Amino acid sequence: MAGFQAYDKIKIIVVGDSGVGKTSLVHLMCHNEPNSNPGYTIGCSVEVKLHDYKAGTPSEKTYFTELWDIGGSSSHQNSRSIFYNNVNGIILVHDLTNRKSHQNLRKWLGEVLNKNDAKDFNNGYDFDPEQFAGNQIPILVVGTKADLAQTLREKVISRSSSIAEECGADEMNLDCNDCKCLSPGSTNAVKMSRFFDKVTERRFYSHQMSHTQFGNVVKRTPCTYREKAGTYEDVS
């Protein structure tokens, strides 16, 4: 049992309107294959992906990345906030064929950042850039159903997401039914790996690290954590 006491893991939540393809996206990310029969997510579903931080370098290390697929139905709005604790990264998902789902990303980010402030999703939440400046949670914006948006492709690709610009986030568009969209070395795969590296950096190597100075060299030592009652306790 001792091997299960300490965890090097990351929590990333995946949010967006119901039906945009969050479950299919998470399945593709974690299993590198399409989800032939995605179900309706009630509450939350969690998948785990192994991510090699700084792959190919002497600093490479494997981390457990938990992807929390949050149900987007408005009927679950009042209970979603329980999944927004201890978040290390956010993936905002929208449907490329549904402009409204893209506009709602601001409300989703606002809901996550204001998890303790109960409001009506459609009327209350909105993204505040000044508020986000104090959080700096890494964000990735993903557009799904690119296969259904062929006629909109040039327009979709040329139209950058204002929320992505404001957050300094990477964007990628893909077809969750095509595993080649995340094939090694592809633009999307590079963006996804870079996002996971940012999340890992912030989780283990920024706020919770010790610095040992050796001349001009700074040695960074990540902390080890134990999960306890829904929080993380430093046991390094």
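The legends below describe close-up views of a predicted model.

**View 1. A nonpolar patch on the surface, formed by Val 46, Val 48, Leu 50 and Phe 64.** Together these four residues, Val 46, Val 48, Leu 50 and Phe 64, have about 370 Å² of accessible area. Strand E2, which covers residues 44-53, gives the most to the nonpolar patch, with three residues, while Phe 64 has its place in strand E3, residues 61-70. Phe 64 has a relative accessibility of 49% and therefore counts as partly exposed, since that class ends where exposed begins, at over 50%.

**View 2. The aromatic pair of Tyr 53 and Tyr 63.** The model has five aromatic pairs by the ring-centre rule. In one of them, the ring centres of Tyr 53 and Tyr 63 are 6.1 Å apart and the ring planes stand at 85°, so the pair is classed as edge-to-face, a term that applies to planes over 60 degrees apart. This pair links distant parts of the chain, with Tyr 53 in strand E2 and Tyr 63 in strand E3, ten residues apart. Tyr 53 counts as buried because its relative accessibility is 2%, and Tyr 63, with a relative accessible area of 0%, is buried as well.

**View 3. The tilted aromatic pair of Phe 195 and Phe 196.** The two rings of Phe 195 and Phe 196 lie 5.6 Å centre to centre, with 45° between their planes. Both Phe 195 and Phe 196 are buried, and both are listed among the buried residues of helix H7.

**View 4. Helix H7, residues 187-204.** This helix has 18 residues and reaches 26 Å from its first C-alpha to its last, which is close to the 26 Å expected at 1.5 Å a residue. The buried residues of H7 include the nonpolar side chains of Met 192, Val 199 and Phe 204, and also Asn 188, Asp 197, Thr 200, Glu 201 and Arg 203.

**View 5. An aromatic cluster of Tyr 53, Tyr 63, Phe 204 and Tyr 205.** Tyr 53 and Tyr 63, the edge-to-face pair of View 2, belong to one aromatic cluster together with Phe 204 and Tyr 205. Within this cluster, Phe 204 also has a charged neighbour, as Arg 203 lies over the face of its ring at 4.6 Å from the ring centre.

**View 6. Lys 11 over the face of Trp 68.** Here Lys 11 is placed over the face of Trp 68, at 3.9 Å from the ring centre.

Note on methods:
Residues numbered from 1 in each chain as written. Predicted model: local features only at pLDDT ≥ 70, side-chain atom pairs only at ≥ 80, totals over all residues. Heavy atoms only, no water. Patch = residues over 30% accessible without salt bridge, like charges linked within 9 Å, V, L, I, M, F, W, Y side chains within 5 Å. Areas by Shrake-Rupley, 256 points an atom, 1.4 Å probe, with all protein chains shown as cover. Salt bridge = Lys/Arg side-chain N within 4 Å of Asp/Glu carboxyl O. Helix = DSSP H or I, 4+ residues; strand = E, 2+ residues; numbered from the N terminus. Buried < 20%, exposed > 50% of the residue type's maximum accessible area, 1.4 Å probe, protein only. Expected span 1.5 Å × (residues − 1). Phe/Tyr/Trp six-rings, centres within 6.5 Å; stacked < 30°, edge-to-face > 60°. Lys NZ or Arg CZ within 6 Å of the ring centre and 35° of its normal.
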